[in-house]
Amino acid sequence: MYVSEYYIDNGHLNNVGRFMLETFDDHRNIRKCYVEVKDYILYGDGISELASILDRYNLIFSNENQFQQFMDLIMFAKNNTRIWENNGYTPSELHEILAKEDKKIIEFPTIERRKKIGRNDPCPCGSGKKYKKCCAKLDDTKSAQLSSEERILFFETWFGLMGFVNERIKVIKVKIKPEFPNTVSDTMILKVREVLWEEPELIDEYINTAQLTQEKIDILKLWRTNYKKGMFLILEYQAEYAVAIAPNDQGEDRLYGIKGISDSVATTLRQNLPTQIETVLLPFKGKIIYDSFIGTFPLSFGEGAKAAFREMYANAAKHGIITSLE
């Protein structure tokens, strides 16, 4: 067991290093890279930071499964390494302690792997009803999501932008084509997406250099100026959208009606309400959608918190529900 002034290595960090040595051939580079990866596990936050480290040492995974194994080891080490700053607790242990006090630690966002909901399954909105007697009625009408034509337009525009950002910044080694469906994995797209929202001015470069239709140019210009990135609390599912609350630029709570892309937000999330998410809202054809990625968090709320949310909702509802960012 190796002990430093900041953490105790209980073997989980070594497992990451061992996996890197077994996966990549350039062992000299790997040892240098591992020092930075270890620092990321202890201090870092955000997948783009980790992607930058790997790219700096030109370490490329041969397939998505290999990358997922690596990320599983990273997150296990993050959650199970004792840190003096946490009074010697691991983040997982601290999570359990705070949970007893009705507090929660936000964990690393994950890419949602959607599973088909059976019509007799409990509804994902948490109403207690069967899906067929609740949100299935909304999903059947498909009014809470984009039309098939809108969905294709969104993804062609989005993947075109992702491809440009990747070519410009060299985030991943795979070429992202402006087509839907796309063959590049969600995990890879996520890396590029995080770079984009760190440098949104790349949208201007894309508009000025790419050969685009006027329709796509208009969409991208609105994305550049009117995107809204942050944390949102989803409080309700309505027939046309999911209703989320978040502060506006003046710090005042407002309600936002968010359309799903391929499915309603309710079907995509499959979580009890209220639920906390992290995403980037985008204007699109007079509607509000998100940028195809939603970070979810394993939070639960007591009755006191739910009562406070209802009051927040009632106050924000006086200003109506914002359904367009244009």
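In strand β10, the residue that bridges to L255 is I321. This pairing is a convenient way into the predicted model, since it leads straight to strand β6 and its surroundings. Strand β10 spans residues 321-322 and runs parallel to β6, with two bridges between them. On the antiparallel side, β6 pairs with strand β5 (residues 242-247), this time over six bridges. One of the residues taking part is A246, whose bridge partner in β6 is R254.

The connection between β5 and β6 is a hairpin with five residues between the two strands. Within that turn, G251 adopts a positive phi of about 80°. Strand β6 itself covers residues 253-258, and five of these six residues are buried, leaving the strand mostly covered.

Is R254, a residue of β6, buried or exposed? Its relative accessibility is 15%, and because the cut-off for a buried residue is under 20%, R254 counts as buried. The side chain of R254 makes a polar contact of 3.1 Å with the side chain of E252. Beyond its neighbours within four places in sequence, R254 touches A244, I245, A246, N248, A316, H319 and I322. Among these contacts, A244, I245 and A246 belong to the range of strand β5, while I322 falls in β10. R254 is thus in contact with residues of both strands that pair with β6.

It is worth stepping back to the chain as a whole. The 326 residues include 47% that are buried, and the fold is made of twelve helices and ten strands. Of the contacts with a separation of 6 or more, 63% join residues 24 or more positions apart. The chain exposes about 16,800 Å², of which carbon and sulfur atoms supply 48%.

Among the helices, α7 (residues 148-169) offers a good second viewpoint. Its 22 residues reach 31 Å from the first C-alpha to the last, close to the 32 Å expected at 1.5 Å a residue. Just after α7 comes K170, with a positive phi near 60°.

Helix α7 also contributes to the aromatic pairs, of which the structure holds eleven. One of them is formed by F154 and F284, arranged edge-to-face with 5.9 Å centre to centre and 90° between the planes. F154 belongs to α7 and F284 to strand β7 (residues 275-284), so this pair ties together parts that are 130 residues apart in sequence. Both rings come from buried residues: F154 has a relative accessible area of 0%, and F284 has a relative accessibility of 1%.

A further edge-to-face pair joins W158 and W223, with 6.2 Å centre to centre and 70° between the planes. Here again distant parts of the chain are linked, with W158 in α7 and W223 in helix α10 (residues 214-226), 65 residues apart. W158 and W223 are both buried.

How do these pairs fit together, and which residues do ring pairs link into a cluster? The cluster consists of F154, F155, W158, F159, F180, W223 and F284. It therefore brings together the two pairs described above, because F154 and F284 as well as W158 and W223 are among its members.

Note on methods: Residues are numbered from 1 along each chain as its sequence is written. Side-chain values use heavy atoms; hydrogens and water are left out. Buried means under 20% relative accessible area, exposed over 50%, partly exposed in between (1.4 Å probe, protein chains only). Helices (H or I, at least four residues) and strands (E, at least two) are DSSP runs, numbered from the N terminus. Two strands pair if DSSP finds at least two bridges between them. A polar contact is a pair of N or O atoms within 3.5 Å; within protein, one must be able to donate a hydrogen and the other to accept it, and residues adjacent in sequence count only if both atoms are side-chain atoms. Contact means heavy atoms within 4.5 Å. Accessible areas come from the Shrake-Rupley method with a 1.4 Å probe; for residues, only the protein chains shown count as cover. The expected span of a helix is 1.5 Å times one less than its number of residues. Rings of Phe, Tyr and Trp (its six-membered ring) pair if their centres lie within 6.5 Å; planes under 30 degrees apart count as stacked, over 60 as edge-to-face and the rest as tilted.
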